[in-house]
Amino acid sequence: MTVDAVDNRMRRARRITLLSLATNVWTTVLLPAVGLAREPDPVRVVLGAVVLAGFTVAQVAVLHAAVTPWLATAARRRRHLALAVAALLSLPLLGPVAAGAWPTWAWLGASLVGMTPLLFRPAAAAATGAGVLAAAVVVTVASGGPPATALLVTGGVGAGVALLTWAQVWFWDLLVEARQGQAARARLVAAEERLRFARDVHDLLGHDLTVIALKAELAERLAPVDAARAGREAAEARRLAASALARVRAAVHGYRAVDLTEQAAAVGEVLRSSGVRCTVEPPPGELPAPVAADLAAVLREAGTNVLRHSRAGWCRIEFTRDDGAVTVTVRNDGVRGVGPDGFSGGLRGLADRLAPSGGRVRASAEEGVFSLVATVPVTP
């Protein structure tokens, strides 16, 4: 799974979560505007509109912070403080609006209660919600309204919004933790592979280097008294060094060898993790290393094209072998325009890579489906 693929999914999930949070909470912000429409005093209307606008801006900032885990702590606290200041200013400026005719501040209080899961831990959120409910009752009674209205609106509606908000934030946090876990797992796999390679190199070189050091030391001591034997020891040290170098090169070549089946499965997994339904028909049997390396490059470029140049819903990767050649075909829907053209950098690079071995690349787009076909000869 590539970082870009995962991050694309996270961006989509983040936008959906933010929209859902806004829908839940802004419902109780729009309803105070009904009180502004019913208020006969133009001064109160203006002051109430200003404070409601300020509250909405602060609320947007807090909603954004809730789904932005990389936001600095200081910036997050400033947004929370701005919301608290706007809420306090709303008490004298929005509380009297439409007194007795509409529970204006009670609806704003419901919005505040709904925001508490974004601001506090459960115990602190419950205490804050109780304080907001008490303030709503006081403001409603002071403006000539029944306290039951404040209890119903701020308490009942606010609690429902808070529950939905908590559930959405909880799901978002699970997604963030899953993404962090995937990144940590990838780093762990890379670290384990480095350690395994280091152990293999140590096993290959440890003994030889020890012997080489001993023979070099012996040759140095023998040089003044027995030049012939010193030369033989030096030659033996050189032979051991050449042998060790050959084994290291063989080991490195083994690490660099391409497993085409694994490459195809990995590309399919990346596409599926990005929301693309991907079907992979594995390559037919064992292939020579150069052919596998060329086809692996085709797969990587094709996967990149699907993610960057389309909004694919499905993709099919298929290998066929006949007449001394292997062909890989990658087809996907959701092409924007005509897809990556035949002279784009990536496809031109593939054509240049396959040309020395007699391979070729063809790309086409028809009815929203892009096809990339690469053929590589296989010498018997």
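This report describes salt bridges, a helix pair, cysteines and one buried asparagine in a predicted model.

## Salt bridges within helices

Side chains of opposite charge can pair when their charged atoms come close. In this model, the count of such salt bridges comes to 6. Two of the pairs described here lie within helices, and each is taken in turn below.

One salt bridge joins glutamate 217 to arginine 221, with a distance of 2.7 Å between the closest N and O atoms. Both residues belong to helix H7, which covers residues 147-222, and their spacing of 4 residues separates them by about one helical turn. The two partners fall into separate accessibility classes: glutamate 217 is partly exposed, at 34% relative accessible area, while arginine 221 counts as exposed, at 59%.

Another salt bridge is found in helix H8, which spans residues 227-256 and holds both arginine 239 and glutamate 236. The side chains of arginine 239 and glutamate 236 meet at 2.6 Å, taken from N to O. These residues are 3 apart, about one turn of the helix. Arginine 239 is partly exposed, with a relative accessibility of 45%. Glutamate 236 is also partly exposed, and its relative accessible area is 26%.

## A network of salt bridges

Salt bridges also link three residues, Glu281, Arg316 and Glu318, in a network. Within this network, glutamate 318 pairs with arginine 316, and their closest N and O atoms are 3.8 Å apart. This pair qualifies as a salt bridge because the cut-off is 4 Å between a side-chain nitrogen of Lys or Arg and a carboxyl oxygen of Asp or Glu.

As for accessibility, glutamate 318 is partly exposed, with a value of 31%. Arginine 316 is likewise partly exposed, with a relative accessible area of 30%.

## Helices H3 and H4

Helix H3 comprises residues 42-66 and helix H4 comprises residues 73-94; their axes come within 8 Å and cross at roughly 155 degrees. That angle makes the two helices, H3 and H4, roughly antiparallel, since angles over 145 degrees are placed in this class.

The contact of H3 with H4 involves 16 nonpolar, 6 polar and 3 charged residues. The handedness of the crossing between H3 and H4 is left-handed.

## Cysteines without a disulfide

A disulfide is a covalent bond between the sulfur atoms of two cysteines. A search of the whole structure gives 0 disulfides.

Cysteine 278 and cysteine 315 illustrate this result. For cysteine 278, the closest cysteine sulfur is that of cysteine 315, at 4.4 Å, which is too far for a bond. Seen from the other side, the closest cysteine sulfur to cysteine 315 is that of cysteine 278, again at 4.4 Å. The pair is therefore not a disulfide, as the two sulfur atoms would have to lie within 2.5 Å. Both residues are shielded: cysteine 278 is buried, with a relative accessible area of 9%, and cysteine 315 counts as buried, at 2%.

## Asparagine 305

Asparagine 305 is located in helix H10, which runs over residues 289-309. With a relative accessibility of 5%, asparagine 305 counts as buried.

Sequence and space can also be set side by side for this residue. Along the sequence, asparagine 305 and glycine 346 are separated by 41 residues, and in space their C-alpha atoms are 8.8 Å apart.

Methods: Residues are numbered from 1 along each chain as its sequence is written. This is a predicted model: local features need pLDDT of at least 70, side-chain atom pairs count only at pLDDT 80 or more; totals for chains, interfaces and linings use all residues. Side-chain values use heavy atoms; hydrogens and water are left out. Buried means under 20% relative accessible area, exposed over 50%, partly exposed in between (1.4 Å probe, protein chains only). Axes are lines fitted to C-alpha atoms, for helices over the stretch in contact, and angles run from 0 to 180 degrees between N-to-C directions. Angles under 35 degrees count as roughly parallel, over 145 as roughly antiparallel, 65 to 115 as roughly perpendicular and the rest as oblique. A crossing is left-handed if the near helix is turned anticlockwise from the far one by less than a right angle, and right-handed if clockwise. Ala, Val, Leu, Ile, Met, Phe, Trp, Tyr, Cys and Pro count as nonpolar, Asp, Glu, Lys and Arg as charged, and the others, Gly among them, as polar.
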